[in-house]
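Here's a quick briefing to read alongside the sequence and the 3D view. Keep the model open and find each residue as you go.

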Amino acid sequence: MTSYKLLLLPGDGIGPEVMAQVEVVLAVLSEAGLAKFEIERDLVGGCAIDAHGVPLTDAALARADAADAILLGAVGGPKWAGVRYEIRAEAGLLRLRKDLGLFANLRPAICYPALADASALKRDLVEGLDIMIVRELTGGVYFGEPKEITVLPDGSKRAVDTQVYTTAEIERIAHVAFDLARKRSGRVASAEKHNVMKSGVLWKEVVTRVHGEHYPDIALEHVLADNCAMQLVRKPKQFDVLVTDNLFGDVLSDVAAMLTGSLGMLPSASLGAVDAKGSRKALYEPVHGSAPDIAGRDLANPIAMIGSLAMALRYSFGLGEAADLVEAAITDTLAAGARTGDIAGAGAKPIGTTAMGEAVTASLRSRLR
Ligand code: NAD
């Protein structure tokens, strides 16, 4: 049986708590003979600053580079709020994304029927929702230069961030979106602001060309990013694959996140380019952060983290059947009424992180019988 090299980076806050539940699921998959994993562990974020003075060591980066997939919990927290900007906890995650070339961020927003009432929107608007947001992750305004604050002659300040995209950057993210759409409903919406931004003009032009040249079977729609935000809360099920840049993707994916009920439910994947051997670098992580307000109290929902493992099984290891089983175990667990505090709603008695992990594992075991 092929053995897959998996690097676990639990990170800070609730990261280690939710990662512990992933380790239990991995053990069940191994026991069942569905897959064999070579597991390594390392530090990222605040815990790495405490141990090594930097949020990601070169050794940890080399391990990440050598792994078939990386699973990351979360980084950051108030303890490290005062550290220098260059070595802040989040810089460890940004370095992983940048140095491994993880340019495509996939964020599914799925509303489980059992949780439709946990959404901020009405049940009929969100029940059965299944959107895949494809966000460009290594370009745009978060990385563009110049990026600075300068002091003007009158003593006031001027801040500059630069929104910049090249043809190649837009082409590769467009391919990811269209390829995914082929495996889904065959529809892509591309969001930008070509009405006021030059980067939006180029984005629209390149996406249109890639579509025309390679994906005539896919339906493409262009939508202005601000209208897209409105449409996501007005009629979210109109979207299937939604491709957008780094900044708009950051915002729109958080809007989509709340449609599903809780940040604790949402996994994500960040993928690099396909290499000559057909594999690609990949990092999987929950959308949520380190949740310092609930860390260390067995309150965190581990489903986003377990769902991130399911994405790794599907996208990095080609283990679609195992991924289906893990996702079905999550659906079964929710349908049976298990709820952590974030998704409990009125009247339900919440269970803890460990109990939720055990409930998912029990569902998985019964599907494996
Ligand atoms: P957060 O996602 O950590 O928490 C937001 C709210 O959602 C909190 O009330 C939290 O308790 C709740 N929540 C989050 N995950 C949950 C889960 N699994 N189960 C139940 N409830 C959950 O965002 P924040 O509070 O803005 O940020 C906290 C820290 O995390 C900051 O240092 C921030 O920089 C960092 N952060 C890291 C990442 C990452 O590692 N990718 C992402 C976002 C924020």
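What follows is a tour of the domains, the aromatic rings, the charged pairs and the cysteines. One thing to keep in mind from the start: this is a predicted model. A search of the whole structure turns up 4 aromatic pairs, 24 salt bridges and 0 disulfides.

**Domains**

- The chain is split into domain 1, made of 1–103 + 273–369, and domain 2, which covers 107–271.
- Taken over C-alpha atoms, the centres of domain 1 and domain 2 are 23 Å apart.
- The two domains do touch: 29 residues of domain 1 are in contact with 26 residues of domain 2.

**Aromatic rings**

- A quick tip before you look: a pair of aromatic rings is described by the distance of the centres and the angle of the planes.
- A search of the whole structure finds 4 aromatic pairs, and one of them is Phe37 with Phe317, whose ring centres lie 6.1 Å apart.
- Why is the pair of Phe37 and Phe317 called tilted? Their planes are at 50°, and an angle counts as tilted when it is neither under 30 degrees (stacked) nor over 60 (edge-to-face).
- This pair links distant parts of the chain, 280 residues apart: Phe37 is in strand 2 (residues 36–41), while Phe317 is in the loop between helix 10 (303–315) and helix 11 (320–335).
- Phe37 and Phe317 are both buried.
- Phe37 and Phe317 also have company, as they form one aromatic cluster with Tyr4.
- Now try Phe178 and Tyr215, an aromatic pair that is stacked, with 4.8 Å centre to centre and 25° between the planes.
- Phe178 and Tyr215 link distant parts of the chain too: Phe178 belongs to helix 6 (residues 167–183), and Tyr215 to the loop between helix 7 (198–214) and strand 9 (219–224), 37 residues apart.
- Are Phe178 and Tyr215 buried or exposed? Phe178 has 1% relative accessibility, so it counts as buried, and Tyr215, at 3%, counts as buried as well.

**Charges over rings**

- Arg88 lies over the face of Tyr85, 3.9 Å from the ring centre.
- Lys98 does something similar with Phe143: the charged end of Lys98 sits over the ring, 4.4 Å from its centre.

**Salt bridges**

- Start with Arg95, which forms a salt bridge with Asp58, where the closest N and O atoms are 2.9 Å apart.
- Arg95 is in helix 4 (residues 89–99) and Asp58 is in helix 3 (residues 58–66), so this pair ties together parts that are 37 residues apart in sequence.
- Arg95 also has a salt bridge with Asp99, with 3.3 Å between the closest N and O atoms.
- Asp99 and Arg95 both sit in helix 4, 4 residues apart, which is about one turn of the helix.
- How open are these three? Asp58 counts as exposed because its relative accessibility is 54%, Asp99 counts as partly exposed at 45%, and Arg95 is partly exposed with a relative accessible area of 28%.
- Another salt bridge joins Glu285 and Arg97, with the closest N and O atoms 3.3 Å apart.
- Glu285 lies in strand 12 (residues 282–286) and Arg97 in helix 4, so their pair ties together parts that are 188 residues apart in sequence.
- Glu285 is buried, with a relative accessible area of 6%, and Arg97 is buried too, with 15%.
- Look for a network as well: salt bridges link Glu40, Asp42 and Arg63.

**Cysteines**

- How many disulfides does a search of the whole structure find? The count is 0.
- Cys228 is in no disulfide, and the nearest cysteine sulfur, that of Cys111, is 18 Å away.
- Cys228 is buried, with a relative accessible area of 0%.
- Cys47 counts as buried because its relative accessibility is 19%, and the cut-off for buried is under 20%.

Terms used: Residues are numbered from 1 along each chain as its sequence is written. This is a predicted model: local features need pLDDT of at least 70, side-chain atom pairs count only at pLDDT 80 or more; totals for chains, interfaces and linings use all residues. Side-chain values use heavy atoms; hydrogens and water are left out. Rings of Phe, Tyr and Trp (its six-membered ring) pair if their centres lie within 6.5 Å; planes under 30 degrees apart count as stacked, over 60 as edge-to-face and the rest as tilted. Helices (H or I, at least four residues) and strands (E, at least two) are DSSP runs, numbered from the N terminus. Buried means under 20% relative accessible area, exposed over 50%, partly exposed in between (1.4 Å probe, protein chains only). A charge sits over a ring if NZ of Lys or CZ of Arg is within 6 Å of the ring centre and within 35 degrees of the ring normal. A salt bridge is a side-chain nitrogen of Lys or Arg within 4 Å of a carboxyl oxygen of Asp or Glu. A disulfide is a pair of cysteine sulfur atoms within 2.5 Å. Domain bounds come from an automatic or database domain assignment. Contact means heavy atoms within 4.5 Å.
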